[in-house]
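Student: I have a structure open on my screen and I'd like to learn how to read it. Could you walk me through it?

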Amino acid sequence: MTFRLHAHGVAAILLDIEGTTTPIAFVHEVLFPYARARLHAYLRARAAEDEMRDALATLRIEWQEDARTQQEPPPWALADIPAAARYLEWLMDRDRKSPGLKRLQGEIWAEGYRDGTLRGEVFADVPPALRRWRAATIDVAIYSSGSVFAQKLLFSTTTYGDLTAWLTGFFDTAVGLKTAAASYRSIAASIGCEASRILFLSDAPAELDAAATAGCQTLLAVRPGNQPVETLPAGVVRSFDEIEL
Ligand SMILES: [Mg+2]
């Protein structure tokens, strides 16, 4: 089924990454293991740097909160790098949206993207769609729980080249959770566009629900490797090619 944008007066398209522009496997089987494998060495190599001390101090506050609320994080005496690495692994095992973890993961990925051992992955229909939409003067923004820093790294290093020139905005959880309607209202205000003229694409029904509550139009991305969705909504796309201008 083809979704016709013109009929809906879409002025901006907002894209989720994981499961929408990018295979979930890239995040879980490439990015996460990449950071995990390098974490210990990365912490050790930079332990004396002010920035790393600052990152670990922030992380330590999270650890104290976990210890206080009896989540039983692994023991961590201060200035113990292997213990800090173990706590970070513990956070990764739980897929925690931890600011301290995200910051360090982002720094490790940045090194990999810079030296070419990592390349951003997107589905083949994504680059031509971005070009088409921009040619039609539609804003195209990203909204992902990965940091804006990590988003830009991913889209600037794809096998299709640097796609950031086609993207007009980047949003992460600094605007709020992806399952909160208020986040989409903030993004609409930031883009300078009514929510009703924003089309949000994601593989997560809860995110689509939040965006719809804010007044956005929504489409569910069904991509290879995504979790099956129990009840498919009216608007479903398997490729961005199905979104016709
Ligand atoms: Mg997703």
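Tutor: Let's go through the sheet, a helix that lies across it, and then the pockets. Keep in mind that this is a predicted model.

Student: Okay, the sheet. In what order do the six strands sit?

Tutor: The general trick is to read a sheet from one side to the other instead of along the chain. Here you get β4-β3-β2-β5-β6-β7, an open sheet with parallel pairing.

Student: Which are the edge strands?

Tutor: An edge strand pairs on one side only, and here that goes for β4 (169-171) and β7 (236-237).

Student: How many bridges join β6 to β7?

Tutor: Two strands count as paired if there are at least two bridges between them. Strand β6, residues 217-221, has two bridges to β7, and they run parallel. If you want one to click on, L220 has V236 in β7 as its bridge partner.

Student: Which strands does helix α5 lie across?

Tutor: For a helix on a sheet, look for the strands it crosses and then the angle. Helix α5, residues 126-135, lies across β2 (12-15) and β3 (139-143), and its angle to β3 is about 135°.

Student: Now the pockets. How much space lies in the largest pocket?

Tutor: Start with volume, then ask who lines it. The largest pocket holds about 920 Å³ of space. Its lining has 39 residues, and E18, K97, K102, S145 and G146 are the closest to the centre.

Student: Which helix gives the most to that lining?

Tutor: That's α1, with seven residues. Helices α1 (24-46), α3 (81-93), α4 (99-115) and α6 (148-156) each put in at least two. Both domain 1 (3-22 + 121-244) and domain 2 (28-115) supply at least three residues to this lining.

Student: And by class, what is the lining of the largest pocket made of?

Tutor: Sort the residues by side chain: you'll find 17 nonpolar, 11 polar and 11 charged ones in the largest pocket's lining.

Student: What about the second largest pocket: how much space lies there?

Tutor: Same routine. The second largest pocket has about 160 Å³ of space, and its lining includes M52, R53, W76 and D80. Helices α2 (50-68) and α3 each supply at least two lining residues, with α2 giving the most, at four.

Student: How do the residues of that second lining divide by class?

Tutor: Nine are nonpolar, two are charged and none are polar. The charged pair is easy to spot: look for R53 and D80 in the lining.

How values were computed
Residues are numbered from 1 along each chain as its sequence is written. This is a predicted model: local features need pLDDT of at least 70, side-chain atom pairs count only at pLDDT 80 or more; totals for chains, interfaces and linings use all residues. Side-chain values use heavy atoms; hydrogens and water are left out. Contact means heavy atoms within 4.5 Å. Axes are lines fitted to C-alpha atoms, for helices over the stretch in contact, and angles run from 0 to 180 degrees between N-to-C directions. On a 1 Å grid over the protein atoms alone, a cavity is a set of points where a 1.4 Å probe fits but cannot get out, and a pocket is an open set with protein on both sides within 12 Å along at least five of seven lines; lining residues have an atom within 4 Å of a point. Grid points are joined across faces, edges and corners, and a volume is the space filled by probe spheres set on the points. Domain bounds come from an automatic or database domain assignment.
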